[in-house]
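Please open the model in your viewer and keep the sequence panel at hand. The stops below say what to select next and what you will find there.

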Amino acid sequence: MSLYRLMAEWEPQAAVMLSWPHEATDWQPLLPSVNQVYAELAWHICRYSRLLIAAPASSHNAIVDMLAKRGVPQHLVSVYEVDSDDTWARDHGPITVASDACVKLLDFQFNGWGGKFDASLDNAISGTLARAGAFMAPLETVDFVLEGGAIEADGEGTLMATRECLLNPNRNGVVDQGEVEQVLRCYFGVTTINWLGSGFLQGDDTDSHIDTLARLCPNNRIVYVGCPDPEDVHYQALAKMKAELHEFRSASGKPYELFELPWPQPVYSADGERLPATYANFLILNGAVLVPTYQDPSDALALRTVAEAFPGYEVVGIDCRVLIEQHGSLHCITMQLPEGVVA
């Protein structure tokens, strides 16, 4: 068993990492609107922690100007020169584990969600940041494909994931559940792994990342996506997922208190493809939760539901309609960096 444990997202954070959109990414046609979302997000993050930004050198002046216009305190922001294919920091950023004495960053491999997209630059981002002095914690490279959005942890020995993603042969070849569990136990020190066998979102490129479907919260709680419409293509799979969640137990053997998120109205791209709008893709900060919203009638209920699951936290909605145009949302574009990771 590992001497290190995988940290929960709600443990004290020093900073949050963003990989900023630029003209060489798929965001190019949407840059003005997506830049606005990133600047708004940066402002909210800096109310609670510092901000670490990875971006090509050609973007730095524009980023500084955007943040200044939004009123983001300059002393809370560090911008590093990093080339990238895309902006999904949750999946190419480092994953933090802790021992009694220190924290360590794990740099797993990122292959563009099973080779769907070129990710060679993104896979190098954590190493580039480490060499640039962005981290004061050591970075360990792990020869195993794993994205941060594919795992949820409570920091106390429990991990939650989907079989559809972690056992997919497009990640690490043909592996069985036992082999993957051995890796998870080795690097994350977990004793209980709760596997979801059901649940998906149309338009999701990740092969059912857990952070689009169900999220672990403090005090043995789970917030999850529900679908009340029997005519919707997601209805049966999400009903099965709900039943599975009721059977889950934490490492201490306790059942979970479940909070069902509302189901937003279907959102489609310009070419008619359904987009993966989900309220589960929220970001936990020091004393706050930022929740994606979609100018949908269910937005207010989603914020209330998250507030019920996070008593004492400030809950803030962030309009993420432009983010789902590229099939991701708020949690996907961020990675928390706990205390002890950055200077």
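Does leucine 245 count as buried or exposed? Bear in mind, before selecting anything, that this is a predicted model. With a relative accessibility of 1%, leucine 245 counts as buried, because anything under 20% falls in that class.

**First stop: leucine 245**

Select residues 235–247 to display helix H10, and then pick out leucine 245 within this helix. If you now show its surroundings, leaving aside the neighbours within four places in sequence, you will find leucine 245 in contact with Met160, Leu196, Ala214, Ile222, Tyr224 and Leu258. For a sense of distance, add threonine 87 to the selection: it lies 158 residues away from leucine 245 along the chain, and the C-alpha atoms of the two are separated by 30 Å.

**Second stop: strand E6 and its partners**

Next, select residues 103–109, which make up strand E6; this strand is largely enclosed by the rest of the structure, because 7 of its 7 residues are buried. Colouring the two faces of E6 separately shows Val103, Leu105, Asp107 and Gln109 on one side, with Lys104, Leu106 and Phe108 on the other, and both faces are covered, since these residues are all buried.

Extend the selection to residues 95–98, strand E5, which runs antiparallel to E6 and is joined to it by 4 bridges. E5 and E6 form a hairpin, with 4 residues between the two strands, and within this pairing isoleucine 95 stands opposite leucine 106 of E6.

Then add residues 139–145, strand E7, which runs parallel to E6 and is likewise connected to it by 4 bridges. Keep leucine 106 in view here, as it stands opposite glutamate 140 in E7.

**Third stop: the sheet of E16, E17 and E18**

Finally, move to an open sheet of 3 strands, whose order is E16-E17-E18 and whose pairing is mixed. Select residues 283–285 for strand E16 and residues 314–319 for strand E18, which are the edge strands, each pairing on one side only. Neighbouring strands of this sheet are turned by 25° against each other on average, with direction ignored.

Which residue of E18 is the bridge partner of valine 289? To find it, select residues 288–293, strand E17, which runs parallel to E18 and is joined to it by 6 bridges; the partner of valine 289 is valine 315.

Definitions and conventions: Residues are numbered from 1 along each chain as its sequence is written. This is a predicted model: local features need pLDDT of at least 70, side-chain atom pairs count only at pLDDT 80 or more; totals for chains, interfaces and linings use all residues. Side-chain values use heavy atoms; hydrogens and water are left out. Two strands pair if DSSP finds at least two bridges between them. Axes are lines fitted to C-alpha atoms, for helices over the stretch in contact, and angles run from 0 to 180 degrees between N-to-C directions. Buried means under 20% relative accessible area, exposed over 50%, partly exposed in between (1.4 Å probe, protein chains only). Contact means heavy atoms within 4.5 Å.
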